[in-house]
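The exercises below go through two chain interfaces and some annotated spans. Each task is followed by a worked solution.

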Amino acid sequence: MDFALTQEQTQFAEAVRRWVEKDYGFEQRKHIIASAEGISAEAWSALAELGATALPVPEDQGGFSGSAIDMMVVMQELGRGLVIEPYFATVFAAEFLKQAKAHFDVLEQVAGGEIKLAVALHEKQSRHDLSDIATTATKSADGYTLNGKKTVVLHGAQADKLIVSARTSGAARDKNGIQLFIVDTNAAGVTRQDYRTIDGYRAADISFTNVQVPAIALLGREDGGWELLDAVSDYGVSLLCSEAIGIMEAITSATLEYLKTRQQFGVPIGKFQVLQHRMADMFMEMEQARSMATLAAVKVSSDNAEERRRTLSAAKARVGQAAKYIGQQAVQLHGGMGVTNELPVAHMFKRLTMIELSLGDTDHHLARFVAQPGFKNAA
Amino acid sequence: MDFALTQEQTQFAEAVRRWVEKDYGFEQRKHIIASAEGISAEAWSALAELGATALPVPEDQGGFSGSAIDMMVVMQELGRGLVIEPYFATVFAAEFLKQAKAHFDVLEQVAGGEIKLAVALHEKQSRHDLSDIATTATKSADGYTLNGKKTVVLHGAQADKLIVSARTSGAARDKNGIQLFIVDTNAAGVTRQDYRTIDGYRAADISFTNVQVPAIALLGREDGGWELLDAVSDYGVSLLCSEAIGIMEAITSATLEYLKTRQQFGVPIGKFQVLQHRMADMFMEMEQARSMATLAAVKVSSDNAEERRRTLSAAKARVGQAAKYIGQQAVQLHGGMGVTNELPVAHMFKRLTMIELSLGDTDHHLARFVAQPGFKNAA
Amino acid sequence: MDLNYTPEDLAFRDQVRSYLEANLPTDLQQKVLNHKRLSREDFVRWHKILAKQGWVATGWPKEYGGTGWTPTQRHIFEEECARAGTPAILPFGVNMVAPVIMAFGNQAQKDYYLPRILNCDDWWCQGYSEPGSGSDLASLKTRAERVGDHYIVNGQKTWTTLAQHADMIFCLVRTEPNGRKQEGISFLLIDMKTQGITVRPIIMLDEDHEVNEVFFDNVKVPVQNLIGEENKGWTYAKYLLGHERTNIAAVGRAKRELQFLKRVAAEHHKNGQSLIDDPVYANKVASLEIEIMALEITVMRVISQDSGRPGPEASLLKIKGTEIQQRLTELMVEAVGPYAQPFDPAFLEGETEHSVMNDDDAAALAAYYFNFRKTSIYGGSNEIQKNIITQMILGL
Amino acid sequence: MDLNYTPEDLAFRDQVRSYLEANLPTDLQQKVLNHKRLSREDFVRWHKILAKQGWVATGWPKEYGGTGWTPTQRHIFEEECARAGTPAILPFGVNMVAPVIMAFGNQAQKDYYLPRILNCDDWWCQGYSEPGSGSDLASLKTRAERVGDHYIVNGQKTWTTLAQHADMIFCLVRTEPNGRKQEGISFLLIDMKTQGITVRPIIMLDEDHEVNEVFFDNVKVPVQNLIGEENKGWTYAKYLLGHERTNIAAVGRAKRELQFLKRVAAEHHKNGQSLIDDPVYANKVASLEIEIMALEITVMRVISQDSGRPGPEASLLKIKGTEIQQRLTELMVEAVGPYAQPFDPAFLEGETEHSVMNDDDAAALAAYYFNFRKTSIYGGSNEIQKNIITQMILGL
């Protein structure tokens, strides 16, 4: 049993943190959000140079074969810095290719920071249910034809390629008949509506109208799409949990600092016992969430699918609860300053809120946890 | 709109309170609990003399035709005094007779304090579902034959007569086929096992083996038993809510007193802000619960069955939440003293806990509230 | 004990309801019901409609142009406005400065300001908070020095709601820097067009421009704009704080929003069924609905006891009311899940008819949720309210 | 990062598990698993079984007869004991007074007491709390006056766990009444059979006799029973408080009780289905299970960082551990609903085989729930633990 990070992991974290402090401060971030693209080419280059884009990519494709723990370390730092670049979208998408062992050229481009990817899973009716897919994939002579509409695709308009879920058969919510495809965003029939998200990101609604993709665009084995989707979405959950921990650390430490400096009634407000205990509660929530995020990173690669689902859902639920509590209380303890856009605390709160409802909210994952056979049968 | 009590109600409440203070103190109560019978004949006479047993009985049967609000006032006082006599059991049972407009002789005896009643609804498998009835009532030449077993019948062994739910037809949980009967506890085939309850009451498991009852023992119209049961159990809920409010007032005021007198670190512990705010939270819980208990007493006689169910379930759920929070926190704020049997606070806590799970717990009533058509359709 | 309205009350309710049905402009109503942002014009327009009916000042005595309604009637009116989805009558003029002018102003001030407030000729804002003061209001530092027949005001106010639209500001200023902090405060009315006043927007976390900083740089204010006596301002401020809590529980709006929530939850899904049919979600909605039911009765109990002027019980109403409002917005966001993420200010400002991802119900909800975090902070944070309960009700 | 046990740890776990399977008497196990009450004999019997194996003192160094285990091994052992349902090794001797004797006692004291503690020849209890002291332990008043080669002890201790069975008590007494309250305290070992000691039961809210008041009326204690130096007792007490928190999170028991809860919930019903299949109830159980999972990792993080001796993080473990335990008992009572109400002390004491209403699972649960309310109060209330986090970790 060993909870220590390796020296490499610690160094990597420090490198990312130094970059954030130097080049991705609160003001720079504000400018990026306000820019036309909503992302920063310089930041992307920096992430590539740091090795962050290569980290999850297998060595054979020019990457570092980084583990989920390595990714945890990076995501925590990006979370702490509130980095809104398409890093999550790209590495989340890359994991589909890794697990499908396909499109090595794309993985190479990811490693080199030459490409950005995004993941298009949600539809208007699906809410948190990723099997609720109406987009169709019809087999054609030399591949498939996609029709349908995906919504809230994070960085969908900034990506070069998309991972798209679609149905070759079955009704909405059937686990059978789901397939995943890699699709060029400049393919004929793909139209994208780009918009801002309330947490500073970009997302897009993307229509697919008779989009032709070759047979090799299909990821994984035929009719095995759901298992791939389920497993990789757990990988995405693990990334989000780690990001949330980084944000919680930052927002908790900002709040603690505020309690120590802000004066009311002639004393720092941190002298009021009610606020002290609130802060203690936030601290405990963070530590419990951190434990689960760590466990999630360890178990996301488990060969035991039930153990993976059970742990990842537990982690997302627990982190989600902590994210909500810590976000709300950090704002409350900041008083009026907490509800302005002028301090990072509000931005952290917004991102924490959105993480809670991304890739399944707390109740979704509690229900998924309960649905695993082990919930009732475990000894 | 008028929330004031009448002068009669106020005087009645004061009379009950004076009796409790004089003759039903903490030590007297302890002796009654430890006694073989577990109830007090003197206390019962006193309640009759005060008019409490006559209060809910119609004037035609020698009572005062007291309203549900009148009963609220009495139950609050009995709650405050932690009175463990079979008053709730008796007036709850009497309400079956009142609503069925039957057995006026029994109601007269209730009014005069000459008889005690109890209500036998629960069975081993039923938990909170009062329609889950396995006890059978078979039509015989001159009445019915009852077979089955009821459990946790409050004051079942101290009662002279029982209201018993049974099935003439239908499977467990069918709403049809349920009937209510009034049964003498000394009838052949009735056996009772008396035991203590953890909140100081007595209850009994009661077996019915080929118990013969006459046709007039059936309450209400044939096959209309469920509606009667449903309506009268709401009446019981209203009584329990009022009792809980009385206990909350007493436990809150005892806790406040403790905070003002108990010294730690050289000051009364009520000077610690965390405990102050806890106390403020308890106060708010109590006021919200009081509002719902009041609404319950007003609406329990409503002709609109859905409105009655909706309001009573809302009240029981809300009072149950408050009962749990206030009980737990009162104990916590009392520290070690709170977990001994030596102060009333522990006894109040125990009774509040048991009220929460009597006649449907919080989740049961939330589900019943949700099940009313108005939950989804109300404008 | 009778929780029913009297026949007179019911008739009054019907009258208000019909009036609102006939007179509330649909475009304003739609903005309110769909959680969009209101412009200055929107507020003024509705104020003037109500003013024509004589229903602006529900808390004023008749002699000043108020309605002279009973507390129950005021409650009914507020409930009906919330139910219909009217814009608010902003409190700064009608409910905040006006009662102070009535109680402590001189005749000239009453004659001049009160009719203008009634008719919304002046847009008022409130100059209380300062950057350093927060919950410790009396520690304010903005100075007003008497020079001849003027005060010269220097300093800064903050959290000044909608000051960007304002014609007038009522300010607490320090006229005597020595002594106890509660003493030496005066209550001044200041024309926002006076030279030396600068308004700087504070953008809220939902990117709305609701509040401002207001800077005073040698601002000349005529002495006749002083309310009551110099250095007695704290007394007037406390008087006003009591008035501020009218309808603070906002039960009417909560009831309307609950219906919105149920509708949205019926239209979104979990496990292939309507979210409102999901037992876990329904359980949360039911708990919230019951909390609202309870608070409605609690409000009526307070009204019936205190002839409409709640004492420290107002703190309970404020805490429970804001908890309910925040929980409503939380459950709304939860209902729409990932569709809360898109952010479309143009839609919120009414510049586009439909939202960018074409889910007009969902489009405003995250902003609404974030915006409502302020409710447990402003008007005396909920922690301060619990201090009040602790001291004033519990005697700890 | 590797959250798996090493092969050596796993082998150790298997060894412990087999040992417990072979040596834990079934009747003791059944009492523990079914939440019944243990007698003095039950505790002593299990202690002596473990003593024979040399596994009583998992926190002692080998030289004194301890196991010399690593923190991970201790954790595994505690988990396995909890999993199997062993009686506890009571902490008062092994984990509380023994470390103080080792650290501050003289050689004669070590030679005499430590072997007797190992073998449970003395039943120890703890004389810390006094009626007036509560969370403010240092304010204790029990006096010990030096007269010749004895101390004469007068005063009262309270909350003395299982003092009715005790042979020995370790006491904090005041030897110097002047000066700071933390100074002037000494640490005395007192034979419970000494004349002048009276034990009065305190009956808990579940009617169990777990704690007592202990009165000292001119009790003569030989000076050789003083630990360390006179007036330095507070230092020793604080040292002990650090030791007291071993396994305070009680994750192992929580895991076992979670399985009990699920079984009971499977056997009771809501709406005609098993309660565990009810989404609302399952949701609560799932949340609790996840909290336990998280705490298990948190405990292991603390163990791996601090070589088994938690610092202020112990406060987190205590708070979360007791919250979990209390929530477990709360959900147990909720599962059985009305069947929690019957109260059957004879069954709890093991005098009857089956409970009076013949639901043996349900019979103990209300008492168990009520009993566990103490866990957030004793050992430094959870409020005090939050004060510690506030000061020691957050620096507020």
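**Exercise 1. Describe the contact between chain C and chain B: how many residues does each chain give, and how much area is buried?**

Step 1. With contact meaning heavy atoms within 4.5 Å, chain C gives 39 residues and chain B gives 44 residues. The model is predicted: local features need pLDDT of at least 70 and side-chain atom pairs count only at pLDDT 80 or more, while totals for chains, interfaces and linings use all residues. Residues are numbered from 1 along each chain as its sequence is written, chains are lettered from A and ligands numbered from 1 in the order in which they are written, and side-chain values use heavy atoms, with hydrogens and water left out.

Step 2. Buried area is the accessible area (1.4 Å probe) that two parts lose on being put together, summed over both. For chain C and chain B this comes to about 3,800 Å², and carbon and sulfur atoms carry 67% of it.

Step 3. On the side of chain C, the residues that lose the most area to chain B are C:Met1, C:Arg301 and C:Leu396, together 21% of what that side buries.

**Exercise 2. Which polar and charged pairs cross the interface of chain C and chain B, and which elements of chain C take part?**

Step 1. A salt bridge needs a side-chain nitrogen of Lys or Arg within 4 Å of a carboxyl oxygen of Asp or Glu. By this rule there are six across the interface of chain C and chain B. B:Glu287 makes a salt bridge with C:Arg301, and their closest N and O atoms are 2.4 Å apart. C:Arg301 also appears among the residues of chain C that lose the most area to chain B.

Step 2. A polar contact is a pair of N or O atoms within 3.5 Å; within protein, one must be able to donate a hydrogen and the other to accept it, and residues adjacent in sequence count only if both atoms are side-chain atoms. The rule finds 16 such residue pairs between chain C and chain B, with both residues at pLDDT 80 or more.

Step 3. Helices (H or I, at least four residues) and strands (E, at least two) are DSSP runs, numbered from the N terminus. In chain C, α8 (251-267), α9 (279-306), α10 (313-336) and α14 (382-393) each supply at least two residues of the side that touches chain B. The largest share, 16 residues, comes from α9(C).

Step 4. Sort that side by class: Ala, Val, Leu, Ile, Met, Phe, Trp, Tyr, Cys and Pro are nonpolar, Asp, Glu, Lys and Arg are charged, and the others, Gly among them, are polar. The side of chain C that touches chain B then has 19 nonpolar, eleven polar and nine charged residues.

**Exercise 3. Repeat the analysis for chain A and chain C.**

Step 1. Here 48 residues of chain A and 51 residues of chain C are in contact. About 4,100 Å² is buried between the two chains, 56% of it from carbon and sulfur atoms. A:Arg127, A:Ile198 and A:Val339 lose the most area on the side of chain A, together 18% of what that side buries.

Step 2. Five salt bridges cross the interface of chain A and chain C. One joins C:Glu207 to A:Arg196, with the closest N and O atoms 2.5 Å apart. Polar contacts number 27 residue pairs, both residues at pLDDT 80 or more.

Step 3. Elements of chain A that each give at least two residues to this side include β6 (190-197), α8 (273-299) and α9 (305-334). The largest share, six residues, comes from α10(A). By class, the side of chain A has 14 nonpolar, 19 polar and 15 charged residues.

**Exercise 4. Which strands does β6(A) pair with?**

Step 1. Two strands pair if DSSP finds at least two bridges between them. Across the interface, two bridges join β6(A) to β11 (residues 342-343) of chain C, and these strands run antiparallel. A:Arg196 has C:Phe343 as its bridge partner, and A:Thr197 stands opposite C:Pro342.

Step 2. Within chain A, β6(A) pairs with β7 (residues 202-214) in the antiparallel sense over seven bridges. A:Asp194 stands opposite A:Ala204 there. The hairpin of β6(A) and β7(A) has four residues between the strands, and A:Gly200 takes a positive phi near 95°.

**Exercise 5. What does UniProt list for residues 125-219 of chain C?**

Step 1. An unreviewed UniProt entry gives "domain: Acyl-CoA oxidase/dehydrogenase middle" for this span. UniProt positions are in the numbering used here, feature names are shortened, and annotations may be inferred rather than shown by experiment.

Step 2. The span is 0% helix and 51% strand, and its end C-alpha atoms lie 17 Å apart.
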